[in-house]
Amino acid sequence: MNQRAPIGQILADLGRVTEEQRAEASLQMTDRPTRFASKLLLAGAASQGELVEGLAGQKGVPGLDLSRTVIDLAAVDAVPRQISEESSFLPVAVDDNLLHLAMANPDDRQLQDEIQFATGRKVVAYVALQVVLRKLVPEAYDARAGGADVLAGRGASGNAPHLEVVVPG
């Protein structure tokens with residue numbers, strides 16, 4: 001897969017979207033800057049999993065289908081909400097010395113290094129859709145503040161924390 005190709009081309013090559021859907025999404029207006037794959041999700045052109053598969057191929061990192069993931073909300077305790085909201089990422093799991101992040105921009109090594117330094121945990125980055133993170137970050141932090149231990153995506157199976165990892169096709 002050509003990691004330098006635009007996401008729309010990658011998704012078309014994978015057979016996930018048509019040229020018509022790409023054109024429609026490119027014309028879609030949003031209230032704030034929105035990445036192209038997120039516009040395709042909003043337009044209903046492809047599922048979250050399909051779009052994340054394309055992004056994972058483009059970015060060269062695994063992706064997360066957050067609609068099928070059950071987030072361990074203990075992870076959000078590691079990073080202040082404001083930083084997660086401003087930088088479009090969400091801590092989704094934490095273990096011994098690892099902090100797993102769903103990120104709109106997993107290419108941001110400086111952010112990963114800063115989080116690693118501040119938390120003392122190695123960061124494991126996954127690509128996720130920006131528009132999903134915009135909704136899910138406040139939802140996760142609010143759920144944690146309300147005493148919840150997990151947050152399950154609509155398509156998740158069960159309530160035990162798990163990450164629905166999508167690897168490049």
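## Briefing: a chain of helices and strands

Ala 102 stands opposite Tyr 126 in strand 5. This is a predicted model. The protein chain has seven helices and seven strands. Its largest nonpolar core holds 41 residues.

**Overall layout**

- Along the sequence, the chain follows the pattern α-α-α-α-β-β-α-β-β-α-β-α-β-β.
- The chain counts 169 residues, and buried residues make up 44% of them.
- Take the contacts with a separation of 6 or more: residues 24 or more positions apart account for 65% of these.
- The exposed surface of the protein chain is about 8,500 Å². Carbon and sulfur atoms supply 48% of that surface.

**Strands 4 and 5**

- Strand 4 and strand 5 run parallel. Six bridges join the two.
- Strand 4, helix 6 and strand 5 make a β-α-β unit. This unit is right-handed.
- In a regular strand, side chains alternate between the two faces of the sheet.

**The largest nonpolar core**

- The residues with the most contacts inside this core are Leu 66, Leu 90, Ile 115 and Leu 133.
- Several elements give two or more residues to the core. The helices are helix 3 (36-42), helix 4 (48-59), helix 6 (109-119) and helix 7 (130-145). The strands are strand 3 (89-95), strand 4 (98-103) and strand 5 (122-127).
- Helix 7 gives the most, with eight residues.

**Leu 133 and its contacts**

- Leu 133 is among the core residues with the most contacts inside the core.
- Leaving out residues up to four places away in sequence, Leu 133 touches Leu 66, Ser 88, Phe 89, Leu 90, Ala 102, Met 103, Ala 104, Ala 128 and Pro 138.
- Two of these partners, Leu 66 and Leu 90, are also named among the core residues with the most contacts.
- Another partner of Leu 133 is Ala 102, the residue that stands opposite Tyr 126.

**Val 70 and its contacts**

- Val 70 is found in strand 2, which spans residues 70-72.
- Val 70 counts as buried because its relative accessibility is 0%, and the cut-off for buried is under 20%.
- Val 70 and Pro 161 lie 91 residues apart along the chain. Their C-alpha atoms are separated by 4.6 Å.
- Pro 161 is one of the residues that Val 70 touches. With residues up to four places away in sequence not counted, the others are Val 150, Leu 151, Ala 152, Ala 156, Gly 158, Asn 159, Ala 160 and His 162.

Conventions. Residues numbered from 1 in each chain as written. Predicted model: local features only at pLDDT ≥ 70, side-chain atom pairs only at ≥ 80, totals over all residues. Heavy atoms only, no water. Core = buried A, V, L, I, M, F, W, Y, C linked by side-chain atoms within 4.5 Å. Buried < 20%, exposed > 50% of the residue type's maximum accessible area, 1.4 Å probe, protein only. Helix = DSSP H or I, 4+ residues; strand = E, 2+ residues; numbered from the N terminus. Contact = heavy atoms within 4.5 Å. Areas by Shrake-Rupley, 256 points an atom, 1.4 Å probe, with all protein chains shown as cover. Pairing = 2+ DSSP bridges. Right-handed = clockwise from strand over helix to strand, strands pointing away.
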